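Reader: I have a model open and would like to talk through the reasoning behind its labels. Could you take me through them step by step?

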Amino acid sequence: MDSNSTRDMQNQLHELIGAVDILNLLREEMEQWREEAQNESKREALENVLGHLEVVEEEYKQRRDELSTRLD
């Protein structure tokens, strides 16, 4: 692997790490909003959003882990 390719992969890894961190923070905040929701429809809407965030977060974690393995 040439140095440009390695550098690009390292940059991608750092971006994925940042994305996972942001998604985690967003999910935690929305979980708090769900707990504070005043009615069932709001809780259900937030539950749907949280489900989507969890799927995206897991996908990014998988990409991060695969890329990290490739760089080792």
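Reader: Let me begin with charge: how many positive and negative side chains does the protein chain have, and how far apart do the centres of the two sets lie?

Author: Happy to help, and please keep in mind that this is a predicted model. The protein chain carries 9 positive and 19 negative side chains. The centres of these two sets are 1 Å apart.

Reader: What makes up the secondary structure of the protein chain?

Author: Two helices and zero strands. Helix H1 covers residues 3-36, and helix H2 covers residues 40-71.

Reader: How do you know whether the length of H1 agrees with its number of residues?

Author: Set the expected span against the model. At 1.5 Å a residue, the 34 residues of H1 should span 50 Å, and the end C-alpha atoms are 50 Å apart, so the two values agree.

Reader: And what does the same check say for H2, with its 32 residues?

Author: H2 should span 46 Å at 1.5 Å a residue; its end C-alpha atoms are 46 Å apart, so here too there is agreement.

Reader: How does the radius of gyration of the protein chain compare with that of a compact globule of 72 residues?

Author: A compact globule of 72 residues would come out near 11 Å, whereas the protein chain has 16 Å. The C-alpha trace spans about 55 × 15 × 15 Å along its principal axes.

Reader: Why is Glu 57 called buried or exposed?

Author: The label depends on relative accessible area, and buried means under 20%. Glu 57 has 2%, so it is buried. This residue lies in helix H2. Leaving aside residues up to four places away in sequence, Glu 57 touches Val 20, Leu 23, Asn 24 and Arg 27.

Reader: Which other residues of H2 are buried, and what do the buried residues pack against?

Author: Besides Glu 57, the buried residues of H2 are Leu 46, Leu 50, Leu 53 and Leu 67. The buried residues of H2 pack against H1.

Reader: Which residues are buried in H1?

Author: In H1 they are Met 9, Leu 13, Leu 16, Ala 19, Val 20, Leu 23, Arg 27 and Met 30. These buried residues of H1 pack against H2. Over the whole protein chain, buried residues make up 19% of the 72 residues.

Reader: What makes Gly 18 buried, exposed or partly exposed?

Author: Partly exposed is the range between under 20%, which is buried, and over 50%, which is exposed. Gly 18 has a relative accessible area of 30%, so it is partly exposed. Gly 18 is found in helix H1. Its C-alpha atom is separated by 10.0 Å from that of Tyr 60, 42 residues apart along the chain.

Reader: How are Gln 10 and Leu 26 classed by accessibility?

Author: Gln 10 has 39% relative accessibility, so it counts as partly exposed. Leu 26, with a relative accessible area of 35%, is partly exposed. Gln 10 lies in helix H1, and Leu 26 is found in helix H1. From C-alpha to C-alpha, Gln 10 and Leu 71 are 7.6 Å apart in space and 61 residues apart in sequence. For Leu 26 and Leu 53, the values are 8.3 Å in space and 27 residues in sequence.

Reader: What share of the contacts with a separation of 6 or more comes from residues 24 or more positions apart?

Author: In the protein chain, such residues account for 68% of those contacts.

Reader: Finally, how much of the accessible surface belongs to carbon and sulfur atoms?

Author: The accessible surface of the protein chain is about 5,400 Å², and 46% of it belongs to carbon and sulfur atoms.

Methods. Residues numbered from 1 in each chain as written. Predicted model: local features only at pLDDT ≥ 70, side-chain atom pairs only at ≥ 80, totals over all residues. Heavy atoms only, no water. Helix = DSSP H or I, 4+ residues; strand = E, 2+ residues; numbered from the N terminus. Rg over C-alpha atoms; globule rule 2.2 N^0.38 Å. Buried < 20%, exposed > 50% of the residue type's maximum accessible area, 1.4 Å probe, protein only. Contact = heavy atoms within 4.5 Å. Areas by Shrake-Rupley, 256 points an atom, 1.4 Å probe, with all protein chains shown as cover. Lys, Arg positive; Asp, Glu negative; His and termini not counted. Charge placed at Lys NZ, Arg CZ, Asp CG, Glu CD. Expected span 1.5 Å × (residues − 1).
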